[in-house]
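I opened this one to look at two helices, a few backbone angles and some side-chain contacts. My notes are below, in the order I looked things up.

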Amino acid sequence: MTTTRPLVGVLNGPNLNLLGTRQPEIYGRTTLADIEARCVRVGQELGLVVECAQTNHEGALVDRVQEWRERASAFVVNAAAYTHTSVAIRDALLATDLPFVEVHLSNVHAREDFRHRSYLADVAVAVIAGCGADGYEFALRHLAGRLVPTVTA
């Protein structure tokens, strides 16, 4: 009997590759590489396989969701600025019929008005904002509680 660990895809949008140096007073000094390593480590502790991807291109985020849709069990999504503009990413996530958690490093509700609108929030199973890099771990823990490993003979 073999247990297959669920795959969670962690998607990061535009400018998140600059974490650690870009506006550290808002986003902190933790790098994206640090966040991704922590996600993989926490995923292992929770019995998950975690794969991470970052791109500055909307279509590439959609492509990644579509690539993972047959293998993944859930997603953690920080679509960054695309959160407030992208129907395409929303539609790609909905087409998977998989749960996802929307994550933001900063408290978007305490920032500019245009950041208050999310095209993802109403279809996400949870939204985590303002917890910095910890938000990714919170998202993985939440999803792990929803997922059941697949057992095969």
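What follows are my entries, grouped by helix, loop and residue.

**Before starting.** I'm working on a predicted model, so I keep in mind that local features need pLDDT of at least 70.

**Helix α2.** I began with α2, which runs over residues 32-46. I got 15 residues and a reach of 21 Å from its first C-alpha to its last, close to the 21 Å expected at 1.5 Å a residue. Next I asked which residues of α2 are buried. My list reads L32, I35, C39, V42 and G43. They cover an arc of only 105° around the axis, so they sit on the same side of α2. I then checked the other side of α2 and found A33, Q44 and E45 exposed there. As for what covers the buried residues, I noted β2, β3 (49-54) and α5 (134-146) among the elements. Just after α2 comes G47, and I read a positive phi of about 80° for it.

**N12.** Since β2 is among the elements covering α2, I went to N12, which is in that strand (residues 7-12). Is N12 buried or exposed? Its relative accessible area is 0%, so I put N12 down as buried, the cut-off being under 20%. The side chain of N12 makes a polar contact of 2.5 Å with the side chain of Y136. Leaving out residues up to four places away in sequence, I have N12 touching L32, A53, Q54, T55, L61, N78 and Y136. L32 I had already listed as one of the buried residues of α2.

**Helix α4.** Then I turned to α4, residues 87-96. I logged I89, R90, A92, L93 and T96 as its buried residues. These cover an arc of only 165° around the axis, which means they are on the same side of α4. The cover over them includes α3, β4 and β5. At the N-terminal end of α4 I found S86 acting as a cap, with a side-chain oxygen 3.4 Å from the backbone nitrogen of A88. After α4 comes D97, with a positive phi near 60°.

**R90.** I wanted a closer look at an arginine on the buried list of α4. R90 has a relative accessible area of 19%, so it counts as buried, with the cut-off at under 20%. Which residues does R90 touch, not counting those up to four places away in sequence? I wrote down Y119, L120, D122 and V123. R90 and Y119 are 29 residues apart along the chain, and I get 6.4 Å between their C-alpha atoms.

**Y119 and R117.** Staying with Y119, I looked at its ring. The charged end of R117 sits over that ring, 4.5 Å from the centre. I also checked aromatic pairs while I was on rings, and the count came to one.

**T83.** R117 and Y119 turned up again when I pulled the contacts of T83. T83 is in the loop between β4 and α4, and at 0% relative accessibility I count T83 as buried. Not counting residues up to four places away in sequence, T83 touches E102, H104, R117, S118, Y119 and L120. The side chain of T83 also reaches the backbone oxygen of A80 at 2.8 Å.

**Positive phi outside glycine.** I looked at these because most residues other than glycine have a negative phi. A80 has a phi near 55°, a positive value. A80 is in the loop between β4 and α4 and is buried, with a relative accessible area of 16%. D97 also has a positive phi, about 60°, and is not a glycine. Where is D97 found? I placed D97 in the loop between α4 and β5 (100-104). Buried or exposed, then, for D97? Its relative accessible area is 71%, so D97 goes down as exposed.

**E70.** My last stop was the loop between α3 (58-68) and β4 (72-78), where E70 is found. With 67% relative accessibility, E70 counts as exposed. I checked the spacing between E70 and E58 too: 12 residues apart in sequence and 20 Å apart in space, C-alpha to C-alpha.

Technical notes:
Residues are numbered from 1 along each chain as its sequence is written. Side-chain values use heavy atoms; hydrogens and water are left out. Rings of Phe, Tyr and Trp (its six-membered ring) pair if their centres lie within 6.5 Å; planes under 30 degrees apart count as stacked, over 60 as edge-to-face and the rest as tilted. A charge sits over a ring if NZ of Lys or CZ of Arg is within 6 Å of the ring centre and within 35 degrees of the ring normal. Helices (H or I, at least four residues) and strands (E, at least two) are DSSP runs, numbered from the N terminus. Buried means under 20% relative accessible area, exposed over 50%, partly exposed in between (1.4 Å probe, protein chains only). Contact means heavy atoms within 4.5 Å. A polar contact is a pair of N or O atoms within 3.5 Å; within protein, one must be able to donate a hydrogen and the other to accept it, and residues adjacent in sequence count only if both atoms are side-chain atoms. The expected span of a helix is 1.5 Å times one less than its number of residues. The arc is that of the directions from the helix axis to the C-beta atoms.
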